[in-house]
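Visitor: I'm new to this structure and would like a close look at a single part of it. Could you take me through the sheet and what surrounds it?

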Amino acid sequence: MTDNRNSAAIQTMFDRISPRYDLLNRILSFGVDLRWRKRAVTLLGDLKGKTALDLCCGSGDFVAIIQKRFGNDVTIIGADFARQMLGIAQGRITPDAGSPLLFCQADALSLPLADNSIDAVTIGFGIRNIADKESALREIFRVLRLGGRLAIVEPAMPNNRLLRNIFTFYFKNIMPLVGGIISGDHAAYRYLHDSVTTFPRPDRFVTMMRAAGFVDAKAVSQSFGSAMIYMGQK
């Protein structure tokens, strides 16, 4: 990240809220976040015989979905910079015998992976926490093989004015309140509100993906525009 102090603060924050992170995701998204992730994996296509990287993997939702769909036919790497999050992911996802599953602590701007070594990358609610998004996209592009695909899920503000006002009120008032009560960390959920509302608009983020080298970059709207699945290919 461009600001090491900010990076360290965000890392510490996610380690603090990690024990209740899954519960809060389900409550605060009304459970639809899993539907968005499953749709993203579907859009990636058949991953049998391939290697998938779940970047900013958190507690492992994407990893679990990919593993359930493809079993031992896909090699999965879960990477995150928050060690406590990785510990939760490792504890909740029990690999089958011989399952090619690996978790590692890693910085999204300097991945410990070779050029052209990954077939698919997923990111769920994570790239908004990276200060230098352009550099992160270029790093993802570096590790992807030719033809490899990227799927990013992020909350969004709907274009419809009424829905946008409702979501703005929810993210500004309800989410920090509920998240703070359940997690005991009000500051973390105020930060999460800010990270959603300041995220680039879909057209701008698609432009950033194209600038990093991705082709067929697009934003696929979910749930009346309350989330986007960003797709791109190397």
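Guide: Here is a walk across the sheet, then out to the helices and rings. Keep in mind that this is a predicted model.

Let's start with the sheet itself. It is an open one of 7 strands, and reading across it you meet them in the order β3-β2-β1-β4-β5-β7-β6, with mixed pairing. At the edges stand β3 (101-105) and β6 (215-222); each has a single partner strand, so one side of each is left without a neighbour in the sheet. Going from one strand to the next, the twist averages 15 degrees.

Now pick out one pairing. Strand β1 (residues 51-55) runs parallel to strand β2 (residues 75-80), and the two are joined over 5 bridges. If you want a spot to look at, find A52, which stands opposite I76 in β2.

Next, the helices that meet the sheet. Helix α3 packs on it and touches β4, β5 (144-155), β6 and β7. The direction of α3 makes about 160 degrees with that of β5. Then there is α9, which lies across β5, β6 and β7 and runs at about 20 degrees to β7.

Some aromatic rings are worth a stop here too. The model has 5 aromatic pairs. In one of them, the rings of W36 and F125 have centres 6.3 Å apart and planes at 55 degrees, so this pair counts as tilted. W36 sits in helix α3 (residues 32-44), while F125 is in the loop between β4 (118-124) and α6 (133-143), so to speak a link between distant parts of the chain, 89 residues apart. W36 is buried, with 6% relative accessibility, and F125 is buried at 7%.

Another tilted pair is F199 with Y230, at 6.3 Å centre to centre and 45 degrees between the planes. Y230 belongs to strand β7 (residues 227-233) and F199 to the loop between α8 (186-197) and α9 (202-211), so the pair ties together parts 31 residues apart in sequence. F199 has 10% relative accessibility and counts as buried; Y230, at 1%, is buried as well. Add F205 to F199 and Y230 and you have one aromatic cluster.

Last, look for charged side chains above rings. R37 lies over the face of F62, 5.3 Å from the ring centre. K234 does likewise with F141, at 4.9 Å from the ring centre.

Methods
Residues are numbered from 1 along each chain as its sequence is written. This is a predicted model: local features need pLDDT of at least 70, side-chain atom pairs count only at pLDDT 80 or more; totals for chains, interfaces and linings use all residues. Side-chain values use heavy atoms; hydrogens and water are left out. Rings of Phe, Tyr and Trp (its six-membered ring) pair if their centres lie within 6.5 Å; planes under 30 degrees apart count as stacked, over 60 as edge-to-face and the rest as tilted. Helices (H or I, at least four residues) and strands (E, at least two) are DSSP runs, numbered from the N terminus. Buried means under 20% relative accessible area, exposed over 50%, partly exposed in between (1.4 Å probe, protein chains only). A charge sits over a ring if NZ of Lys or CZ of Arg is within 6 Å of the ring centre and within 35 degrees of the ring normal. Two strands pair if DSSP finds at least two bridges between them. Axes are lines fitted to C-alpha atoms, for helices over the stretch in contact, and angles run from 0 to 180 degrees between N-to-C directions. Contact means heavy atoms within 4.5 Å.
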